[in-house]
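Please open the structure in your viewer and keep the selection tool at hand, since this tour moves from one selection to the next and pauses at each to say what is there.

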Amino acid sequence: MEQSEQSKQSLSRPFWLLFYGALAFSTFQLITAAFSPVSTTVVRALHVGFLFLLIYCQYDLRGVKQERPSWLGITLGLLGLGLAFYHWIYEGELILRAGELNQWDWIIGIATLILVFDASRRMMGWALPGICLAFLAYSLFGEYLPGSFQHRGYDLEQVISQLAFGTEGLYGTPTYVSSGYIFLFILFGAFLEQAGMLKLFNDLALGLVGSSRGGPGKVSVISSGLMGTINGSGVANVVSTGQFTIPLMKRFGYRSEFAGAVEATSSMGGQIMPPVMGAVAFIMAETINVPYLDITKAALIPALLYFFTVFWMVHLEAGRAGLMGLAKEDCPSPLAALRARWYLLLPLVVLVALLFSGFTPLFSGMVGLALTVVLILGSGLASRISATLWRVMFWLGLGVACATFNQYGITAIFVVVTVLVVLIFGRDRGVLKTAVDALYHGALHALPVGIACALVGVIIGVISLTGVATTVAGHIIDLGEHSLMLSLLLTMLTCLVLGMGIPTIPNYIITSSIAAPALLDLGVPLIVSHMFVFYFGIMADLTPPVALAAFAASPIARASGMAIGMKALQIAIAGFLVPFMAVYDPALMLQGDPTWTAIVYISIKALLAVTLWGMGSIGFWRGRLAWWERIAMIAAACVLVVKLPYSDELGFAIALVLLAQHWWRWRNAAPVPTQSPT
């Protein structure tokens, strides 16, 4: 019996090289972010090297996760990490002979490219590697193509130099952002999640809306949306929060496909909600060279519209199906939840305050992460102090110690954390385990984003080398001269197709390099053009036939991934409508120096459009809608979206008539009960 228990435990423990490699990866990223002991070129190379090590320790040749890696996997992982040290050891020489490769440069460059493609294939499948292979082939053989896509020709040495040793290839801007901001924020989210942030969000959501009509569905919208803003991965968020929210929705009467769709839509929406926005905001800020704060401001109103739409759909579906909320006594008290874990909100508050005060994302993320670690360790010690006075004194002393950050910088925080670890080491190993688990899981959560950012550097390098983006943009501009709407539709389809099976970040990088410049030349404001492609990159994870987020919810909901995807499209309509409305009226994203009147007007118009769409698609408001009412409401929503002479006036008029007659027809209907009988 003891042997079987030990064998189970050994199977549950991660392989030692994976575990300690992940801890070393997180430690390396923290040290380089805090102290910058080496150049950014070396940081990027070692970042990619650690990605190789951890991916090859997790995935076999077929891309299947394994408990223990094969000797081939260990060898390739260590080789990939070793290749990164070449950039550190010979950094000066590589700079001096830039563009002129020696024999070892050839070997290292080709080996690195092969490992990047193979590691990506193992982790994410063939979708993104296939696209990048096509671009690589274009750089080598594009001179033989006919027409405008033909280039002057580049030999293999130029391509290897550009991709494996330049700053516009594997180690370009995406890897720079991944090795800096993105990793820190993923680690930040991992610490909060390990400390119990998910339970706090769930309890808050249950306490606030659990007893309202269709309460379990609204709980999913709030808790999944909140977690999605800090963990940076919509698909991973579906798997984590969905384990709680989807069964809860099904238990209270929601159809399986609707429950899965609500979870998928809410989780993906976290990536468009400031301040973190799934880390794409950081890459966008670096790509278009605008302050991070400007991007979060532009995203705020569309994000609120998106979550209002999902919330509204859940409310209408609950009314249509006669679904009630939880009994009031079964819902936890939100105040009690806050009293128990209030300190977990402090890092989020500080993070947002720093970002909106103009501090860099790297600084803000580092401070937020440091505060999270101090609070987790400090709470472990404080819980062992019985006297209230001494507990207050402890927190005051800890606050004073952390305040030395103003004079001594991040070194002071490292000293405070070290002292806390020493004090708690022999008293509460559980708290230390929480911190270690966060370092481990944070490194693993960074793998898909990191390897995608490295691989997508192939596309950026080829675009920079050949100038193919100018050719593609020219065709879109030619089309846009006749119809801006056609150009927008073409760009939308490009984003949706490219996003099928590709994470959001590389999808944004690809489409922003190819399509966004064309929209800019057509007169679309800079941030709006990049937000347009970003939004549809998000929507790709909800769009069948691939619909990664929908298929992630499928086994939990026990429903077809395709059915969940189709329902998710219906629920997430704001994600499709808002980008078009922002192009025709940039005030929706606070662009073009709008007046407050213009901002309020477009916000009300967008709100009315998604409200009408919700009623028409679900078929319910105060009561069931007739077939002609549903068609008319969807038509009115579409009229409000387009920008034509008198379209606004017509849309408002139709909406007023439809809403008034429906309200009058159902004015004497009995109200739908909101919670289950006790």
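Begin by selecting lysine 643, which counts as partly exposed because its relative accessibility is 44%, a value that falls between the limits of under 20% for buried and over 50% for exposed. This is a predicted model, and in it lysine 643 sits in the loop that runs between helix H32 (627-641) and helix H33 (647-665). If you leave aside the neighbours within four places in sequence, lysine 643 is in contact with Tyr584 and Asp585. Add methionine 581 to the selection as well: its C-alpha atom is separated from that of lysine 643 by 8.2 Å, although the two residues are 62 residues apart along the chain.

Next, move to arginine 624, which you will find in the loop between helix H31 (596-618) and H32. With a relative accessible area of 47%, arginine 624 is also partly exposed. Show its side chain and follow it to the backbone oxygen of arginine 320, which it reaches at 3.0 Å. Beyond the neighbours within four places in sequence, the contacts of arginine 624 are Arg320, Gly619, Glu629, His662, Arg665 and Trp666. For tryptophan 666, which is 42 residues apart from arginine 624 along the chain, the separation between the C-alpha atoms is 9.2 Å.

Now select another arginine, arginine 121, in helix H6 (residues 103-124). Is arginine 121 buried or exposed? Its relative accessible area is 16%, so arginine 121 is buried, given that buried means under 20%. Two polar partners of its side chain can be displayed here: the backbone oxygen of leucine 61, reached at 2.8 Å, and the side chain of aspartate 118, joined to that of arginine 121 by a polar contact of 2.9 Å. Not counting residues up to four places away in sequence, arginine 121 touches Leu61, Trp126 and Pro129.

For the next stop, select helix H28, residues 548-557, and look at what surrounds it. Seven of the ten residues of this helix are buried, so H28 is largely enclosed by the rest of the structure. Those buried residues are Ala549, Ala550, Ala552, Ala553, Ser554, Ile556 and Ala557. To see part of what covers them, add helix H12 (234-251), helix H13 (256-269) and helix H29 (561-571), which are included in the covering. H28 is followed by arginine 558, where phi is positive, near 55°.

Two of the covering helices deserve a closer look. In helix H29, select glycine 565, which is buried with a relative accessible area of 0%. Once its neighbours within four places in sequence are set aside, glycine 565 is in contact with Leu542, Pro544 and Ala550, and Ala550 is one of the buried residues of H28. Glutamate 257 is 308 residues apart from glycine 565 along the chain, yet 8.4 Å separates their C-alpha atoms.

In helix H13, select serine 266, which is likewise buried, its relative accessible area being 0%. The side chain of serine 266 reaches the backbone oxygen of valine 262 at 2.8 Å. Not counting residues up to four places away in sequence, serine 266 touches Ser220, Val221, Ser224, Gly225, Phe307 and Val310.

From single residues, turn to the nonpolar interior. Which residues of the largest nonpolar core touch the most other members? Among its 234 residues, they are Val458, Met531 and Phe534, and the largest share of this core, 21 residues, comes from H22. Another core, of seven residues, lies apart from it and includes Ala205, Leu206, Val209 and Leu248. Select valine 458 and display what it touches, not counting residues up to four places away in sequence: Leu113, Phe117, Cys132, Leu136, Leu163 and Leu170.

Finally, look for the second largest pocket, which holds about 480 Å³ of space. It is lined by 19 residues, and those closest to its centre are Leu30, Phe191, Val373, Val417 and Leu439. The elements that give two or more residues to this lining are helix H2 (16-35), helix H18 (361-382), helix H21 (410-425) and helix H22 (429-466). Colour the lining by residue class and it shows 18 nonpolar residues, one polar residue and no charged ones.

Terms used: Residues numbered from 1 in each chain as written. Predicted model: local features only at pLDDT ≥ 70, side-chain atom pairs only at ≥ 80, totals over all residues. Heavy atoms only, no water. 1 Å grid on protein atoms, 1.4 Å probe; cavity = no way out; pocket = protein on both sides within 12 Å on 5 of 7 lines; lining within 4 Å. Points joined across faces, edges and corners; volume = space filled by probe spheres on them. Helix = DSSP H or I, 4+ residues; strand = E, 2+ residues; numbered from the N terminus. Nonpolar A, V, L, I, M, F, W, Y, C, P; charged D, E, K, R; others polar. Buried < 20%, exposed > 50% of the residue type's maximum accessible area, 1.4 Å probe, protein only. Contact = heavy atoms within 4.5 Å. Polar contact = N/O pair within 3.5 Å; in protein donor to acceptor, adjacent residues only side chain to side chain. Core = buried A, V, L, I, M, F, W, Y, C linked by side-chain atoms within 4.5 Å.
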